[in-house]
Amino acid sequence: MITVVAATELGEEYRRPITEVFVHGFADDFTSLSKDHRRLVNAFEHMLVLEEFHVALIDGRPAGIAACTDGVRPSVRHRGAELRRHLGLVRGTIGDLVFRSEFTGSVPDLKEGTASIEFVATSPEHRGKGVATAVINHLLSLPGHTEYVLADVADTNTAALSLYATLGFTEYRRRKVKHTRWTGINAYVSLKLTQA
């Protein structure tokens, strides 16, 4: 059975297991920083803003995560020095620059009542079991929002795009990227869902 709760209900002792799901969910995006999952977890553990995350639990262990913000409040807040401590000077500095350029600032053009769903991830052993669907449906049931966006999903992430379409999200923006040669990503797709 899947139970979804706010990360703050779980407390700081769950920070590392939540970060492990985060790293496994985005491992392909972090290979230029390190292929060592443990090292990435050590580097990223400090930066998740738990107040913005919700966690799917299976047998009391984090199986999936997603953040839900107003598009202004950050869901990750990194420290460059911490990244350099765990990843080394060069890779830590690259990580600092990437996180600074990609994950600081607000989601553009959000109107009041819109929530930004971010960092949807499922642990490898629980993929295909409805974990991501459970987390997103939980977020869609939270009060205070009539519209939801998923900004900048890689066009190569076909499983996620298919799931979001099944849940009723539709594309509203596509942004071409310049790093296709290195990442294989051609564009970032942003999706939207409006509830009555």
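A residue counts as buried when its relative accessible area is under 20%, as exposed when that value is over 50%, and as partly exposed in between. With those cut-offs in mind, and remembering that this is a predicted model, the tour can start inside helix α5.

Select Asp96 and Arg100, which both lie in helix α5, four residues apart, or about one turn of the helix. Their side chains meet in a salt bridge, with an N to O distance of 2.7 Å. Asp96 is buried because its relative accessible area is 7%, whereas Arg100, with a relative accessible area of 46%, is partly exposed.

Stay on helix α5, which covers residues 89–103, and move to Leu89. At 64% relative accessibility, Leu89 counts as exposed. Add Val90, Ile94 and Val98 to the selection, and a nonpolar surface patch appears, in which Leu89 and these three residues together have about 380 Å² of accessible area.

Next, select Glu147 and Lys111, which form a salt bridge whose closest N and O atoms are 3.9 Å apart. Glu147 lies in strand β5 (residues 147–154), while Lys111 lies in the loop between α5 and β4 (114–122), so this pair ties together parts that are 36 residues apart in sequence. Here, too, the partners differ in their cover: Glu147 counts as buried at 7% relative accessibility, and Lys111 counts as exposed at 53%.

Keep strand β5 in view and go on to Asp152, whose side chain meets that of Arg175 in a salt bridge (3.1 Å, N to O). Since Asp152 lies in strand β5 and Arg175 in strand β6 (residues 170–176), the pair ties together parts that are 23 residues apart in sequence. Asp152 is partly exposed at 32% relative accessibility, and Arg175 is likewise partly exposed, with a relative accessible area of 34%.

For a linked group of charged residues, select Arg16, Glu20 and Glu45, which are joined in a network of salt bridges. In total, the structure holds 11 salt bridges. As a general matter, side chains of opposite charge can pair when their charged atoms come close.

Finally, display helix α3 (residues 37–44) together with helix α4 (residues 80–87), whose axes come within 8 Å and cross at roughly 160°. That angle makes α3 roughly antiparallel to α4, because angles over 145 degrees are counted in that class. Viewed as a pair, α3 and α4 have a right-handed crossing.

Conventions:
Residues numbered from 1 in each chain as written. Predicted model: local features only at pLDDT ≥ 70, side-chain atom pairs only at ≥ 80, totals over all residues. Heavy atoms only, no water. Patch = residues over 30% accessible without salt bridge, like charges linked within 9 Å, V, L, I, M, F, W, Y side chains within 5 Å. Areas by Shrake-Rupley, 256 points an atom, 1.4 Å probe, with all protein chains shown as cover. Salt bridge = Lys/Arg side-chain N within 4 Å of Asp/Glu carboxyl O. Helix = DSSP H or I, 4+ residues; strand = E, 2+ residues; numbered from the N terminus. Buried < 20%, exposed > 50% of the residue type's maximum accessible area, 1.4 Å probe, protein only. Axes fitted to C-alpha atoms, helices over the stretch in contact; angles between N-to-C directions. Parallel < 35°, antiparallel > 145°, perpendicular 65-115°, else oblique. Left-handed = near helix turned anticlockwise from the far one by under 90°.
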